[in-house]
Amino acid sequence: MNRVFNFSAGPAVLPEEVLREAADEMLDYRGTGMSVMEMSHRSKAYDTIIKEAEADLRDLMKIPDNYRVLFLQGGASQQFAMIPMNLMKNRKADYIVTGQWAKKAYQEAQLYGEARKIASSEDRTFSYIPDCSDLPVSEDADYVYICENNTIYGTKFKTLPDTKGKPLVADVSSCFLSEPVDVSKYGVIFGGVQKNIGPAGVVIVIIRDDLITEEALPGTPTMLRYKIHADNASLYNTPPAYGIYICGKVFKWLKSRGGLEAMKEYNEKKAKLLYDFLDESKLFRGTVRREDRSLMNVPFVTGNEETDVKFIKEAKAAGFENLKGHRSVGGMRASIYNAMPMEGVEKLVEFMKKFEEENSSYV
């Protein structure tokens, strides 16, 4: 077996132990004589799977009792509509736009009410997080929205914005479970799992009880109402059953490694190794303001498009996959999620040093 180092931003690398365990259970899940892919979501075996997954996630994140955990479909992008449909009671919401996904959420919200952009970093290609300590939050805003970690641009909110009492809604798709979180500071936390938790097809929504009401906007489809899914424990219709099963295994893997405190420490070591090299390199440079750097997504460039292309091609030949930057920004990006081993980052840095030596004429 020849496993590559997969630096994809998502769908992304999963823990090898989880993949092996799932492979062992593929044809016969714990004596049921069938795969989890084949079993009824109403069965006793699956009921245990989804309940254990929620219990482990609650344990990992220390989720308070007044929050519900929903396993949904449609990816994070469907939440861009579901959030205003369910929360925009006054038809007003404030958005902090720090990247493409926050921008898309902001644009989607305009279909349902008055979405106000109260801060943005678009003036410098989303390469920093704006000061959010004293924002012009609307008195009648239903919520304040952020994308906490920006996958494309490699920035991360290190301090949450002062929402002046309004519920904070956060897309955490690319930093989910990478470090401890105080859930009580949020009204809603949501994220697609395909970056740091599981296979594409599941989105997890953690929502405070008081935000789950019957009062969705007129015309909101039944399937897009939080209350429907909360009342039915994520089993209103057939859920993305196999994806949730893998997520559950990843939750157990995280617990076995010491939980989110241990993961943060590990992720900081991995990121430091790569950022330290970028800061010292004569050829490569990071593109993000230092204090706003993400632990999960590290974009970098050489400053020469031809050299970037050459690097990506040679890196792929050496077993480093998906280092090409997002099509909207170019350059390179290494996504070093929880399941990326330290060895992967060490080998990448070694390769980058070698490439720099061999291409000194570009420096």
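How many salt bridges does the structure hold? I looked that up before anything else, and the count came out at 32 salt bridges. A note to self: this is a predicted model.

**Entry: salt bridges inside helices**

I started with Asp47, which forms a salt bridge with Lys51, the closest N and O atoms being 3.0 Å apart. Both residues belong to helix H2, residues 44-61. They sit four residues apart there, so about one helical turn separates them. I then checked how open the two residues are. Asp47 is partly exposed, at 28% relative accessible area, and Lys51 counts as exposed, at 53%.

Next I went to helix H9, residues 342-358, where I found Lys354 and Glu358 four residues apart, about one turn of the helix. Their side chains meet in a salt bridge, 3.2 Å from N to O. Lys354 is partly exposed, with a relative accessible area of 45%, while Glu358 is exposed at 52%.

**Entry: a pair across the chain**

Where do Asp140 and Lys92 lie? I had noted that they form a salt bridge, with the closest N and O atoms 3.0 Å apart. The pair links distant parts of the chain: Asp140 is in the loop between strand S4 (114-120) and strand S5 (144-147), and Lys92 is in strand S3 (residues 92-97), 48 residues apart. For accessibility I wrote down 33% for Asp140, which is partly exposed, and 27% for Lys92, also partly exposed.

Since I was at S3, I looked at the rest of the strand. S3 is mostly covered, with five of its six residues buried. It pairs with S4 in the parallel sense, over six bridges. I picked out one bridge by residue: Ile96 has Ala119 in S4 as its partner.

**Entry: a network**

I also came across a group of charged residues linked in a network of salt bridges: Glu52, Asp56, Asp59, Lys252 and Lys255.

**Entry: an acid without a salt bridge**

Is Asp308 buried or exposed? I found it buried, yet it has no salt bridge. The nearest side chain of opposite charge is Arg285, and that is 8.4 Å away. A salt bridge needs the nitrogen and oxygen within 4 Å, so I crossed Arg285 off as a partner for Asp308.

What does the side chain of Asp308 make a polar contact with? I traced that contact to the side chain of Thr302, at 2.6 Å. Asp308 itself is found in helix H8, residues 305-317. Leaving aside its neighbours within four places in sequence, I listed its contacts as Val301, Thr302, Gly303, Gly331 and Met332.

**Entry: the sheet with S12**

I followed the chain into an open sheet of three strands, in the order S11-S12-S14, with antiparallel pairing. Strand S11 (285-286) and strand S14 (332-335) are the edge strands, each pairing on one side only. Strand S12, residues 297-301, pairs with S14 in the antiparallel sense over four bridges. At the residue level, I noted Val298 standing opposite Ala334 in S14.

Which helix lies across S11, S12 and S14? I found helix H7 there, residues 259-280, running at about 20° to S12.

Note on methods: Residues are numbered from 1 along each chain as its sequence is written. This is a predicted model: local features need pLDDT of at least 70, side-chain atom pairs count only at pLDDT 80 or more; totals for chains, interfaces and linings use all residues. Side-chain values use heavy atoms; hydrogens and water are left out. Helices (H or I, at least four residues) and strands (E, at least two) are DSSP runs, numbered from the N terminus. Buried means under 20% relative accessible area, exposed over 50%, partly exposed in between (1.4 Å probe, protein chains only). Lys and Arg count as positive and Asp and Glu as negative; His and the chain ends are not counted. A polar contact is a pair of N or O atoms within 3.5 Å; within protein, one must be able to donate a hydrogen and the other to accept it, and residues adjacent in sequence count only if both atoms are side-chain atoms. Contact means heavy atoms within 4.5 Å. Two strands pair if DSSP finds at least two bridges between them. Axes are lines fitted to C-alpha atoms, for helices over the stretch in contact, and angles run from 0 to 180 degrees between N-to-C directions.
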